[in-house]
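Me: I have a structure to study and some questions about how its parts fit together. Can we go through them step by step?

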Amino acid sequence: MNLFHRHRGLTPYLLLAPGILFLAVFFVVPLGFLAYQSLESGNIDFGYSFTWEWSNYWNALDNYRAQFIRSLEYAAIATALALVLSYPVAYWIAFRGGRWKNLLLLFIVAPFFVTYLIRTLAWETILSDNGFVVNTLQSLHILGPGGRLLATSTAVVAGITYNFLPFMALPLYVSLEQIDGRLIEAAEDLYASKLHAFLRVTLPLSLPGIVAGTLLTFIPAAGDFINAQLLGSTNNHMIGNVIQSKFLEQTDYPAAAAMSFILMAGILVAVFLYARLVGTEQLTGTAA
Amino acid sequence: MSTVAVPARRERRGFFAAAWAFVKRHVLTVYSILFFAYLLLPIAVVVVFSFNNPTGKFNYTWQGFTWDNWRYWDGVPGIRSSIVLSLQIALLASLVATALGTAIALALVRYSFRGRASTNILIFLPLSAPEIVLGASLLTLFLNLNVVFGFWTILIAHIMFCISFAVVTVKARLVGFDRHLEEAAMDLGANEWTTFQKVTLPLIAPAILAALLLCFAISIDDFVVTYFNSGNRITFPLFVWGAARIGAPPQVNVIGTAIFVIALTAMLVNVLVQMRRSKGAT
């Protein structure tokens with residue numbers, strides 16, 4: 001232990017200093033600038049001045065309420081879909097994977113090895129108007145003769161679900177993998193059916209994974225604009241699209257900055273409501 | 001579901017339980033295979049369409065097989081320089097972020113000091129903020145300080161969002177680390193630096209390598225934060241974004257496939273080595 005006592009006073013700070021300084025200057029300080037900018041008025045040609053312009057926030061909420069609500073809605077649906085789709089597979093790998101577990105997990109993260117934009121473009125190809133999926137749905141009369149999937153909210157939600165699926169599946173797997181199989185056996189001895197054993201033992205024990213997966217999927221999904229841009233139309237634009245275009249195309253920085261903060265606030269409120277639903281211990285458990 | 005809903009006599013329940021067990025065993029497997037097919041479908045599309053010979057500018061429908069996209073992978077103006085820039089940024093960002101992150105991880109696991117909890121929060125926050133907010137806030141910083149956007153702003157952005165990933169990766173390894181090994185080295189007369197070099201560093205080397213690879217992968221794939229802070233420089237994801245607006249050429253699929261194959265091979269080797277090791281151990 002003497003190794004760690006000798007320079008106890010200074011060494012940790014010397015180790016921390018470069019990295020923490022970097023994060024302070026390029027993560028914390030920029031958030032301050034963003035807050036400052038969000039209360040400015042003016043425009044790019046005549047310059048901006050700080051005037052406590054709270055109306056930036058109210059105007060953003062007024063003009064882009066639809067996009068804010070749509071972002072949270074799409075993110076929530078995609079998160080729920082990802083949970084339902086990947087839970088059985090995470091279960092299957094955890095309890096039936098045997099020594100192939102790592103290989104199967106590799107398949108789960110395989111989409112991450114293809115550039116995000118390229119795999120979204122691949123969905124554009126798959127869902128395109130003359131593609132196999134649309135043709136099949138048309139011949140089954142699920143889609144009308146002129147019906148399409150691209151430029152619909154279905155395509156955007158499907159894209160978001162696919163793109164963030166591994167973020168859901170991995171934490172689910174980790175929590176399911178840690179469950180002691182004997183607990184489930186005991187439950188099956190005591191409860192009548194396997195379904196009851198699952199609902200009363202396996203599901204509650206996998207709750208930390210569900211919580212972690214939900215947060216890891218919902219937060220990036222709510223801020224996403226790539227799926228809406230490539231798979232949707234302007235009717236499916238999310239708040240990320242608006243922030244992106246305000247910053248980089250219309251150079252309306254104060255409004256864009258205000259919207260960024262509203263997005264963060266929206267996510268925080270959603271996470272808070274979710275925490276009330278599942279219990280705070282679960283949430284802090286994943287944060288620690 | 002019906003097994004629970006129907007309050008049946010004993011032998012009926014036995015039958016349903018058996019049926020449920022059968023269904024559960026096989027449905028789960030079939031479902032999982034379908035799930036993997038769904039997961040891998042877009043990847044297959046990327047690979048297949050890298051061999052497409054599109055007639056128009058849109059690479060959406062299959063027209064015919066050709067090797068040309070692979071032979072002339074840099075036949076599209078701008079694609080080669082975008083890949084070079086992405087590789088440079090990923091290499092530098094992963095090296096710097098891993099160095100900074102490893103130091104933070106060592107401090108967090110090894111020492112108790114004032115401000116430890118807030119350091120943990122500072123590391124956790126960038127991981128939990130939406131990317132668009134990270135990109136936008138950095139943009140306002142650079143705008144307000146009149147920084148010229150380009151190579152350095154991209155590099156700074158990438159180091160910033162990589163640090164936390166590096167810290168988390170190295171920390172995971174350090175937590176399960178046997179400190180007696182270091183104490184033994186000190187007892188045998190090694191000083192602090194020698195101990196670190198000869199004992200600590202080799203033991204955490206796999207975690208450092210993992211952090212490097214993770215940062216490299218995240219950096220080379222990043223679009224959102226880069227898009228906000230790139231000025232007129234174009235990384236590979238930005239090239240894809242620009243190309244997508246006018247119809248992405250099949251060369252984009254070629255590079256996508258190449259990145260996929262390289263990453264998959266590296267991971268497969270890793271997994272197979274692990275499997276052989278665990279097999280040898282049992």
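Here are the questions and answers, based on a predicted model.

Me: Which helix gives the most to the side of chain A that touches chain B?

Reply: The contact takes 72 residues from chain A and 76 residues from chain B. On the side of chain A, 18 residues come from one helix, residues 11-38. That helix is H2 of chain A.

Me: How many residues on that side of chain A are nonpolar?

Reply: Sort the residues of chain A that touch chain B by type. There are 5 charged and 15 polar residues. The nonpolar residues number 52.

Me: What should helix H6 of chain B span, at 1.5 Å a residue?

Reply: H6 of chain B runs over residues 131-144, which makes 14 residues. The expected span is 1.5 Å times one less than the number of residues. The end C-alpha atoms of H6(B) are 20 Å apart, which agrees with the expected 20 Å.

Me: Why is H6(B) called largely enclosed by the rest of the structure?

Reply: A residue is buried if 20 or more other C-beta atoms lie within 10 Å of its own. The buried residues of H6(B) include Glu131(B), Gly135(B), Ala136(B) and Phe142(B). H6(B) is largely enclosed because the buried count is 12 of the 14 residues.

Me: Which helix gives the largest share of the largest nonpolar core?

Reply: This core has 142 residues. Among those with the most contacts inside it are Met259(A) and Ala136(B). The largest share, 14 residues, comes from residues 79-110 of chain B, helix H4.

Terms used. Residues are numbered from 1 along each chain as its sequence is written. Chains are lettered from A and ligands numbered from 1 in the order in which they are written. This is a predicted model: local features need pLDDT of at least 70, side-chain atom pairs count only at pLDDT 80 or more; totals for chains, interfaces and linings use all residues. Two residues are in contact if their C-beta atoms, placed from the backbone, lie within 7 Å. Helices (H or I, at least four residues) and strands (E, at least two) are DSSP runs, numbered from the N terminus. Ala, Val, Leu, Ile, Met, Phe, Trp, Tyr, Cys and Pro count as nonpolar, Asp, Glu, Lys and Arg as charged, and the others, Gly among them, as polar. A nonpolar core is a set of buried Ala, Val, Leu, Ile, Met, Phe, Trp, Tyr and Cys residues joined through C-beta atoms within 7 Å.
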